[in-house]
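Colleague: Could you take me through the ligand site in this one? I'd like a close look at what surrounds the ligand and where it sits.

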Amino acid sequence: MKKIAVIYWSGTGNTEIMAEAIGDGAKVNGDSVKLIRVEDATKEDVINSDLIAFGCPSMGNEVLEEEFMEPFIESLEDVDFSGKTIALFGSYDWGDGEWMRDWEERMENYGAKLVDEGLIIRLTPEDEDIEKCKELGKKLANS
Ligand SMILES: Cc1cc2nc3c(=O)[nH]c(=O)nc-3n(C[C@H](O)[C@H](O)[C@H](O)COP(=O)(O)O)c2cc1C
């Protein structure tokens with residue numbers, strides 16, 4: 001059985017809705033799926049997982065949330081990501097997804113394999129967006 005973690009930060013709940021749907025989709029094969037707020041996450045949660053979805057909205061000026069998510073991602077720089085596949089996701093509003101493009105590049109530089117492009121949803125996910133989140137979770141579980 002694979003260990004799947006969904007680690008996310010969400011201020012107003014939009015990215016959290018995405019996290020829950022990705023977690024639901026990731027249960028497709030009956031693997032263990034843990035949803036963890038980044039405030040409660042440890043580096044071991046990443047090291048001990050086979051597949052990880054990381055979620056964070058665009059904050060600041062096209063950056064990750066700076067109090068919890070940015071330091072957490074920074075702390076993963078020396079983690080061995082070979083053999084781990086990840087997914088990235090997050091909500092945004094007025095931008096063009098720059099934060100997600102930067103985040104993808106950063107995680108690839110860490111050696112992580114991305115299952116797909118980062119999934120970005122504008123503000124609150126609608127039904128069709130929830131489906132996209134579930135699909136991403138399934139794809140991650142099947143990778
Ligand atoms: C302080 C702050 C900074 C933000 N900066 C950006 C930004 O640079 N680009 C963007 O597209 N959206 C930006 N947003 C909008 C959020 O990404 C958007 O509201 C998102 O839905 C929040 O997700 P959450 O509900 O998971 O916290 C910002 C929001 C806040 C509160």
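Modeller: Sure, and keep in mind that this is a predicted model. Around the ligand there are 18 residues, and the closest of them are Ser10, Gly11, Thr12, Ser58 and Ser91. Sorted by class, that shell holds eleven polar residues, five nonpolar ones and two charged ones. As for secondary structure, helix H1, residues 14-26, gives the shell at least two residues, and strand E4, residues 85-92, also gives at least two.

Now for the polar contacts. Ser10, already named among the closest residues, has a side-chain N or O atom 2.6 Å from an oxygen atom of the ligand. Glu62 also uses its side chain: one of its polar atoms is 2.8 Å from a nitrogen atom of the ligand. With Trp94 it is the backbone that takes part, since an N or O atom there lies 3.2 Å from a ligand oxygen atom. As for cover, the ligand on its own has 650 Å² of accessible area, and the protein covers 79% of that.

Next, the space itself. The ligand sits in the largest pocket, which has a volume of about 290 Å³. This pocket is lined by 21 residues, and Pro57, Ser58, Met59, Ser91 and Tyr92 are the closest to its centre. You'll recognise Ser58 and Ser91 from the residues closest to the ligand. H1 and E4 turn up again here, each supplying at least two residues of the pocket lining. By class, the lining has twelve polar, seven nonpolar and two charged residues.

So, if you want a few places to start in the viewer, try the side chains of Ser10 and Glu62, then the backbone of Trp94. After that, have a look at Ser58 and Ser91, which are among the residues closest to the pocket centre.

Definitions and conventions: Residues numbered from 1 in each chain as written. Predicted model: local features only at pLDDT ≥ 70, side-chain atom pairs only at ≥ 80, totals over all residues. Heavy atoms only, no water. Near = heavy atom within 4 Å. Polar contact = N/O pair within 3.5 Å; in protein donor to acceptor, adjacent residues only side chain to side chain. Areas by Shrake-Rupley, 256 points an atom, 1.4 Å probe, with all protein chains shown as cover. 1 Å grid on protein atoms, 1.4 Å probe; cavity = no way out; pocket = protein on both sides within 12 Å on 5 of 7 lines; lining within 4 Å. Sits in = over half its atoms within 2 Å of the grid points. Helix = DSSP H or I, 4+ residues; strand = E, 2+ residues; numbered from the N terminus. Nonpolar A, V, L, I, M, F, W, Y, C, P; charged D, E, K, R; others polar. Points joined across faces, edges and corners; volume = space filled by probe spheres on them.
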